[in-house]
Amino acid sequence: AGSRPTGALTASGQPQSIVGNRLPLSPPNKVTVGGTYTWDFSPGSLTFGANYTWTDDQQSTIFNNSIYTAPASNIADFRLLWRDTQQRYTAILFLKNAFDEVAYQSSTGGSPTAVGSRQTVTLNFPRTFGLELQYRF
């Protein structure tokens with residue numbers, strides 16, 4: 001599906017035209033919105049940050065074929081940062097892919113099987129959280 005044969009059939013296969021096809025792993029649209037807010041207290045400061053990224057569907061190869069299409073995705077990340085007034089230490093709490101969105105980074109076709117074409121996808125990271133501690137001396 002989606003192939004556009006061009007030229008004569010050769011021993012190595014059928015040439016195809018890729019004129020007008022999308023570039024691999026280059027979504028036509030991608031939007032990222034982020035913001036931070038800091039509260040200052042006498043013992044230090046607390047900063048909250050959030051990012052939201054929407055990525056349009058994208059092709060994984062130079063061939064326009066639905067089996068090579070990774071669907072659009074939404075990813076939200078959050079960050080909480082505490083810093084003391086002398087700025088000796090910083091504690092960072094983070095949450096990536098907060099809503100555990102299943103998103104494909106790429107999608108490729110495999111060998112045909114008895115029930116159709118096989119599809120292999122590369123998934124994004126699942127919800128990940130952690131703590132980072134920094135000390136300056």
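Helices (H or I, at least four residues) and strands (E, at least two) are DSSP runs, numbered from the N terminus. The model is predicted: local features need pLDDT of at least 70, side-chain atom pairs count only at pLDDT 80 or more, and totals for chains, interfaces and linings use all residues. Residues are numbered from 1 along each chain as its sequence is written, and side-chain values use heavy atoms, without hydrogens and water.

**Exercise 1. State how many helices and strands the protein chain has, and in which pattern.**

Step 1: Count the elements. The protein chain has zero helices and nine strands.
Step 2: Read along the sequence. The pattern is β-β-β-β-β-β-β-β-β.

**Exercise 2. Set the radius of gyration of the protein chain against the value for a compact globule.**

Step 1: Take the rule, 2.2 Å times the number of residues to the power 0.38. For 137 residues, a compact globule would be near 14 Å.
Step 2: Take the model. Over C-alpha atoms, the protein chain has 23 Å.
Step 3: Look at the box. Along the principal axes, the C-alpha atoms fill roughly 75 × 30 × 30 Å.
Step 4: Add burial. Of the 137 residues, 23% are buried (under 20% relative accessible area, 1.4 Å probe, protein chains only).

**Exercise 3. Find the elements with the lowest and highest mean pLDDT.**

Step 1: Fix the scale. pLDDT is the predictor's confidence in each residue, from 0 to 100.
Step 2: Take the chain. Its mean pLDDT is 89, and 92% of its residues reach 70 or more.
Step 3: Pick the extremes. Strand β7 (residues 104-113) is lowest at 71. Strand β1 (residues 30-40) is highest at 98.
Step 4: Apply the caution. Where pLDDT is low, predicted coordinates should not be read in detail.

Methods:
Buried means under 20% relative accessible area, exposed over 50%, partly exposed in between (1.4 Å probe, protein chains only).
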